[in-house]
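User: I should like to learn how to read the overall features of a protein model. Could we work through one together?

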Amino acid sequence: MSESQVYTDYFFDEPVFDLHDGGYVPLEKADVPDQPLNIPAALQPDKVDGNDVYYTITAQEGETQILPGAKTKTWGYNASILGTTIVLKQGVHYHVHLVNKLPEVTTFHWHGLNVTGPIVDGGPHAPVYPGGSRDIDFTLDQPAQTDWIHPHPCPNTARQVWNGLAAAVVVTDDEEAKLPFPRNYGVDDIPVILQDRSYHDNQLDYKADYDMDGTLGKYALVNGTINGVFNVTTQRVRLRILNGSDRREWRLHFDDEHEFTQIASDGGTLPEPVKFTKLMLTCAERAEVIVDFGDKKPGDVVTLMTDDMPIMKFKIGEYQHEDVELPEHLTTIAAPEVTPGLPVTRTVMSGMDDKVRLDGKLFDMQRIDRKQKIGDTVLWDVVNTNDMDAGMIHPFHMHGCQFLVLSRNGKAPYPNEHGWKDTVGVNAGETVRIAVKFTKFGVYMYHCHILEHEDTGMMAQIEAYDPNVKHEYHLISMDEMNHPTK
């Protein structure tokens, strides 16, 4: 890769960073010794039969050693916290047995996957009740990317994620496999799931920490680890970074301002690699970056920071030097061909606290708010009407598709927003134009991904339809979802 610009800006509008919010909880240094970073194991299939792969994913209770002393009661997928990493490959047909061993109803939402909705997608219309299960199947037909699975039951999404439910989903394909990226999972290719939590006598108390504008914790966790250390044994390390927080924005940089290169966003490989010393992620955004430690020697320690707080360390060990250049062009993403004759869809995120609304309304599980024909490419203007002096960034997420960011207030998107995305942070007073195309039928959510805003009702539903095929949907009510015997 030739010499190119290195970006040293977080890009988002600083006056509306979360740290200016009246309810902001600053991160604190925990009195916890350095400890090995938790690297979730990869989920093993129950069975492989040709092109059919069978998985079981269980939402379960557990205990996790997070702080010294008593273990913390946590929830996870096939694990005590977060979950085993689910590896999927383009073109393979997956059969997934979803099991709920929690004491309450939950759902299994595949954030970022292009699958049918609302059942396979796992939104609030696909409940799995305590002691129950659900079977889904889908053929994966999207490029390599980093997604995640998390619960989506209304109005308890935020609390269930707070309890620990969030697992990485790694999608692979043959095209991305040809690129010179690190991909030895757990060695030079690792998930970095960013969250924040507070503890009360070592236990979670969501009600005590609750904030309607987004719950914040005082300790930073990476993969469920406080003060985690990753032992570097290769010159280059690929980090699959996920903002898995309910509310917190992460403004990432290394303590020595070490450069890193972003190679992928939510929906996969970027057209060109982008070099940074600073990277900001709003809730639910993902970024894959490669860090080259070739200028470091064994024994060196490099610390990943958010703002002025250290969140994890990279301890450099012995490694073999390599001379790998990333190509200047990684993949081709064609400019969207907008379907002619269709109006621009305008959706408005407004308010804060209990005044949050999407298009002036609160979510109704039995109301279809919009319809879009499968195969059409439609321009959407996503508007944040918050005040630029006292507002906040609202991360906008759509289920069932990946979109392209075309502009911010009529100007170019950020340098790392030229790839596919399913979540985009929208500054206060800003309009972000995106190109949206659905390829699967279904009813899907679109919403603010500050989880408390979603639970409060800052969410709507769109039906992706095929005029030649009629699909019937049973859209349950929130009461029916939470009380199935009524």
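Analyst: The discussion below moves from overall dimensions to the annotated spans. Please note that this is a predicted model.

User: What radius of gyration would a compact globule with 486 residues have, and what does the protein chain have?

Analyst: The general idea is to set the value for the chain beside the globule rule, 2.2 Å times the number of residues to the power 0.38. A compact globule with 486 residues would come near 23 Å, and the protein chain has 21 Å, so the two agree. The C-alpha trace spans about 60 × 55 × 55 Å along its principal axes.

User: How should burial and contacts be read?

Analyst: Burial rests on a cut-off, namely under 20% relative accessible area. Buried residues account for 59% of the 486 residues. For contacts, one considers separation in sequence: of those between residues at least 6 apart, 77% join residues at least 24 apart.

User: What does the exposed surface consist of, and how are the charges placed?

Analyst: The protein chain exposes about 18,400 Å², of which carbon and sulfur atoms supply 49%. There are 73 negative and 42 positive side chains, and the centres of these two sets are 3 Å apart.

User: Which secondary structure does the protein chain contain, and where does UniProt place its domain feature?

Analyst: The protein chain has 34 strands and four helices. The unreviewed UniProt entry places "domain: Plastocyanin-like" at residues 60–175, 192–299 and 339–464. Residues 192–299 are 49% strand and 4% helix, with end C-alpha atoms 22 Å apart. For residues 339–464, the figures are 45% strand and 5% helix, and the end C-alpha atoms lie 15 Å apart.

Terms used: Residues are numbered from 1 along each chain as its sequence is written. This is a predicted model: local features need pLDDT of at least 70, side-chain atom pairs count only at pLDDT 80 or more; totals for chains, interfaces and linings use all residues. Side-chain values use heavy atoms; hydrogens and water are left out. Helices (H or I, at least four residues) and strands (E, at least two) are DSSP runs, numbered from the N terminus. Buried means under 20% relative accessible area, exposed over 50%, partly exposed in between (1.4 Å probe, protein chains only). Contact means heavy atoms within 4.5 Å. Accessible areas come from the Shrake-Rupley method with a 1.4 Å probe; for residues, only the protein chains shown count as cover. Lys and Arg count as positive and Asp and Glu as negative; His and the chain ends are not counted. The place of a charge is taken as NZ of Lys, CZ of Arg, CG of Asp or CD of Glu. UniProt positions are given in the numbering used here, feature names are shortened, and annotations may be inferred rather than shown by experiment.
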